[in-house]
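Biologist: Please put the model on screen. I would like to go through one helix and the sheet it belongs with, question by question.

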Protein chains: 2
Amino acid sequence: MPVTDPKEILKGERLAISRALTQIENSTQEGYQLLEELFPHTGKAHLIGVTGAPGTGKSTLVNQLAYHYRRTEGGEKAPRLAVIAVDPTSPFSGGALLGDRVRMQDLAGDPGVFVRSMASRGSLGGLAAATANLVQVFDAAGYEIIIIETVGAGQAEVDIASLAHSTIVVEAPGLGDEIQTIKAGILEIADILVVNKSDKPGADHTLRALRSMLTLSQPHPEDIAHHGPAQQATQPTNDLPSSLWSTPVLPTISTIGEGFPELIAELANHLDYLRTSGEWQRREEKRLKNELEMLLRDTLRTRWENKISATKYQYTLDRVVTRKLTPWKAVQVLLEGAGL
Amino acid sequence: MPVTDPKEILKGERLAISRALTQIENSTQEGYQLLEELFPHTGKAHLIGVTGAPGTGKSTLVNQLAYHYRRTEGGEKAPRLAVIAVDPTSPFSGGALLGDRVRMQDLAGDPGVFVRSMASRGSLGGLAAATANLVQVFDAAGYEIIIIETVGAGQAEVDIASLAHSTIVVEAPGLGDEIQTIKAGILEIADILVVNKSDKPGADHTLRALRSMLTLSQPHPEDIAHHGPAQQATQPTNDLPSSLWSTPVLPTISTIGEGFPELIAELANHLDYLRTSGEWQRREEKRLKNELEMLLRDTLRTRWENKISATKYQYTLDRVVTRKLTPWKAVQVLLEGAGL
């Protein structure tokens with residue numbers, strides 16, 4: 001693979017971007033080097049997370065959202081937009097089934113849109129870390145909007161939520177009773193709630209139920225104080241609590257594009273709120289702190305790995321499996337074996 | 001909190017178990033000490049993972065499964081059974097909404113059943129690690145069946161799947177088209193597939209669709225070889241591939257208890273398969289390897305943390321947030337600062 005010039009990426013050249021993404025996903029030395037050179041040029045894009053349970057029509061929604069972003073602002077003023085589709089529910093089969101998305105046909109040929117599916121679980125250390133790296137490439141390449149789509153409703157969503165500036169949680173009408181009790185946790189990561197397929201029976205009920213749940217789950221004053229000293233340090237002149245943002249609940253019908261101008265308007269409102277409240281700065285800090293933490297753990301692990309023999313590791317593992325050694329003692333043995 | 005005698009746990013005394021679980025969840029020194037003493041007594045329980053998307057009636061299914069395990073084998077012969085309910089979808093609100101589960105009323109008062117909800121994300125290092133620790137307490141205390149219930153459909157499920165001996169994936173009729181493409185990954189972690197709510201319209205279609213997907217997703221010979229040298233090392237006299245287990249698809253109606261004798265029979269079949277094929281040993285090794293890996297990362301992280309000042313860390317983080325330092329350089333700086 002030829003050497004990628006970071007300048008080409010900064011100019012937004014598709015081929016260079018595409019090559020860089022592959023190098024980074026494959027954890028090549030050149031990939032690391034590129035990230036290093038691109039990092040000072042990042043921090044400008046609006047990162048939008050889109051998440052929700054399977055069956056809510058999330059992918060169609062992302063498609064329409066991208067389409068409307070490109071269309072509503074018209075012509076040259078439309079923001080450049082990247083979509084990163086993350087599929088953690090398919091770790092064994094190696095990710096997205098549809099490759100780089102048949103579904104994005106509406107956008108095919110639009111040079112202002114770049115769609116990338118995460119095929120792997122990210123060898124640079126976990127799904128969230130790998131996604132963060134791809135985000136940095138698009139950010140440096142001048143994409144103003146970066147949509148990160150995640151499938152499922154679990155830990156991955158939380159990791160992604162900590163990555164995005166604005167998180168859209170997608171729901172659909174006709175959900176059972178069980179989901180109502182589960183939803184409380186997911187609600188708390190939502191900056192904007194969307195009830196998609198709002199032409200289906202029960203849509204009004206779902207809208208009402210979500211709105212009343214949101215009212216019930218208003219944060220207590222202690223929760224706001226709970227953000228701790230880091231928050232206060234970064235915004236000494238501004239102590240607006242995040243509860244000043246009141247999560248809107250919007251109906252959409254992705255198949256026919258209904259509700260999307262309103263959704264884009266709410267995203268603009270949220271961006272405005274982030275900037276004026278100091279929350280943008282707080283989320284940036286939290287995001288980069290997470291990234292540092294992940295890198296630190298991986299680096300420590302790699303350094304240790306380079307110091308221990310595979311034979312020693314296997315021998316110790318065998319002793320754990322046969323219950324001759326506890327996992328905690330085994331870790332001590334392995335660290336001593338590496339001279340740590 | 002009084003000192004917990006590990007002998008009381010080994011005898012299965014509820015109060016001692018309950019206290020131990022809390023100490024372990026709170027990462028106390030005594031909690032670690034207990035795990036250390038209990039570990040040699042583990043490795044006997046049959047670990048059953050139950051997972052699936054919200055709305056499939058998973059919790060009711062777990063309830064019925066526990067009830068039938070206690071009832072079908074009748075009287076004193078019934079296995080002692082523990083349920084660990086993990087709720088990763090609710091990390092911000094601190095876990096299960098219903099506390100230690102109103103829903104388990106059928107089982108309340110049965111001294112052979114112990115239900116525990118994971119309220120926290122597990123300070124001993126991640127949800128999977130915390131679950132693994134609770135499993136060890138129940139295993140040492142003589143619970144023969146340990147059911148681990150996870151909500152959602154993402155990374156957490158994969159982590160839990162690597163923890164359980166037998167994984168049940170729960171589905172429900174009436175799923176959209178989107179879910180059909182997603183499911184391929186989840187199918188691969190299923191040892192037993194259950195279509196719950198099988199009295200609902202579309203149940204036959206879902207059963208047929210899942211059965212045909214399973215036929216399509218038979219592993220290729222390369223995939224079996226992919227298990228690598230560790231597998232060969234632990235079972236030199238036995239090279240039965242895991243494809244000898246053919247995943248059954250069972251209909252259930254949890255609300256009225258239909259299909260549960262059949263489900264319990266399939267779980268017994270799977271346990272038998274695990275033992276005779278050498279797969280039990282392979283899964284044990286994989287599980288303990290994961291656990292060692294998690295402990296190792298945490299220990300390395302903690303050792304580093306004890307060597308660096310909070311001021312230095314915050315200063316470095318601030319320089320990353322302002323893009324004066326890249327995250328990769330920052331990690332080098334932080335490791336040097338700790339003398340590593």
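Biologist: Which residue follows α11(A), and what is its phi near?
Modeller: This is a predicted model. The residue after α11(A) is G278(A). Its phi is positive, near 85 degrees.

Biologist: What span should α11(A) have, and how far apart are its end C-alpha atoms?
Modeller: Helix α11 of chain A covers residues 260-277. Its 18 residues, at 1.5 Å a residue, should span 26 Å. The expected span agrees with the distance between the end C-alpha atoms, which is 25 Å.

Biologist: Within what arc do the buried residues of α11(A) fall?
Modeller: F260(A), L263(A), L267(A), H270(A) and L274(A) are buried. P261(A), A268(A), D272(A), R275(A) and T276(A), on the other side of the helix, are exposed. Seen down the axis, the buried residues line one face of α11(A), because they fall within an arc of 70 degrees.

Biologist: Which strands does α11 of chain A touch?
Modeller: The helix packs on the sheet, and its direction makes about 170 degrees with that of β6(A). The strands touched are β1, β5, β6 and β7 of chain A.

Biologist: Which residue in β5(A) stands opposite T51(A)?
Modeller: β1 (residues 46-52) and β5 (residues 166-171) of chain A pair in the parallel sense over 5 bridges. Opposite T51(A) stands V169(A).

Biologist: Which are the edge strands of the sheet in chain A?
Modeller: The open sheet has 7 parallel strands in the order β3-β2-β4-β1-β5-β6-β7 (chain A). An edge strand here pairs on one side only, which singles out β3 (113-118) and β7 (249-251) of chain A.

Methods:
Residues numbered from 1 in each chain as written. Chains lettered and ligands numbered in written order. Predicted model: local features only at pLDDT ≥ 70, side-chain atom pairs only at ≥ 80, totals over all residues. Pairing = 2+ DSSP bridges. Helix = DSSP H or I, 4+ residues; strand = E, 2+ residues; numbered from the N terminus. Contact = placed C-beta atoms within 7 Å. Axes fitted to C-alpha atoms, helices over the stretch in contact; angles between N-to-C directions. Expected span 1.5 Å × (residues − 1). Buried ≥ 20, exposed ≤ 12 C-beta atoms within 10 Å, placed from the backbone. Arc of directions from axis to C-beta.
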